[in-house]
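Open the model in your viewer and keep the sequence panel beside it, so that each selection can be followed in both. The tour moves from a single residue to a pair of helices, then to one more helix and finally to the whole chain.

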Amino acid sequence: KIEIDYQSEKMFRAKAVLWLLEKGVPVHAQLNKSRVAWNLTSNDLLNYEKGTLGNTLGCFYKKEKFEPIPKAERHDVFHVLLGYSTNVIDEAVMQFFLWGNGKPSFFTVGTCMITVLLFPMQFNYFIKAYQKGKECQSIRDWDFKLLLNENIHELKNRVFTKNISL
């Protein structure tokens, strides 16, 4: 069970999104039960060579003070590759990017719809992320565990340069 500290959030709308996220994670896990957990801790990831996706992901976990959620590790790779923080608005913006990038999952589209309703003043930011996702190389089917030894800067270049595939 995952617990999200939505009580520390000041805005009611942000609290609502985090509460929904906490309730939605088990549903997401059930829908993706065929995924295989990576069985890696943040310390395991820090053992990857500096400058790799694996090491960068390990640093991300240490900075954010949490550990990988089994079968949901790829979500955190999106943060690392795309450069979005873990605040509520950036989480939503990242989902818009992913939707535009070809990931129309129930969770992604649901998050986008809810956040548009709760944060209409961010609509332009959301739409720009969606368009950016459409313009970038699709990462929908990348097997990120196989890419943990890859240079993070080269991977980012692949994402943000259209028509270069793995």
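Begin by selecting Ser42, which you will find in helix H2, the stretch of residues 42-46, and bear in mind as you look that this is a predicted model. Is Ser42 buried or exposed? Its relative accessible area is 1%, and because buried means under 20%, Ser42 counts as buried. To see what lies around Ser42, show Gly58, Tyr61, Lys62, Glu67 and Pro68, which Ser42 touches when residues up to four places away in sequence are not counted.

Next, select helix H5, residues 88-100, together with helix H7, residues 123-135. Two packed helices are described by the angle between their axes and by the distance between those axes. For H5 and H7, the axes come within 6 Å and cross at roughly 35°, and the crossing is right-handed. If you display the side chains where these two helices meet, the H5 side of the contact includes Ile89, Val93, Phe96, Phe97 and Trp99, while the H7 side includes Tyr125, Phe126, Ala129 and Tyr130.

Now move along the sequence to helix H8, residues 152-159, and colour its buried residues, which are Ile152, Leu155 and Val159. Why do these residues lie on the same side of H8? They cover an arc of only 60° around the axis, which puts them on the same side of the helix. Turn the view to the other side of H8, and there you will find His153 and Asn157, both of them exposed. To see what covers the buried residues of H8, add helix H3 (53-64), helix H4 (73-82) and helix H5 (88-100), which are among the elements that do so. Before leaving H8, zoom in on its N-terminal end, which is capped by Asn151: a side-chain oxygen of Asn151 lies 2.8 Å from the backbone nitrogen of His153.

Finally, select the whole protein chain and colour it by secondary structure, which shows 8 helices and 0 strands. Of the 166 residues in the chain, 40% count as buried. Among contacts between residues at least 6 apart in sequence, 59% join residues at least 24 apart. If you then switch on a surface display, the chain exposes about 9700 Å², and carbon and sulfur atoms supply 56% of that area.

Key:
Residues numbered from 1 in each chain as written. Predicted model: local features only at pLDDT ≥ 70, side-chain atom pairs only at ≥ 80, totals over all residues. Heavy atoms only, no water. Buried < 20%, exposed > 50% of the residue type's maximum accessible area, 1.4 Å probe, protein only. Helix = DSSP H or I, 4+ residues; strand = E, 2+ residues; numbered from the N terminus. Arc of directions from axis to C-beta. Contact = heavy atoms within 4.5 Å. Polar contact = N/O pair within 3.5 Å; in protein donor to acceptor, adjacent residues only side chain to side chain. Areas by Shrake-Rupley, 256 points an atom, 1.4 Å probe, with all protein chains shown as cover. Axes fitted to C-alpha atoms, helices over the stretch in contact; angles between N-to-C directions. Left-handed = near helix turned anticlockwise from the far one by under 90°.
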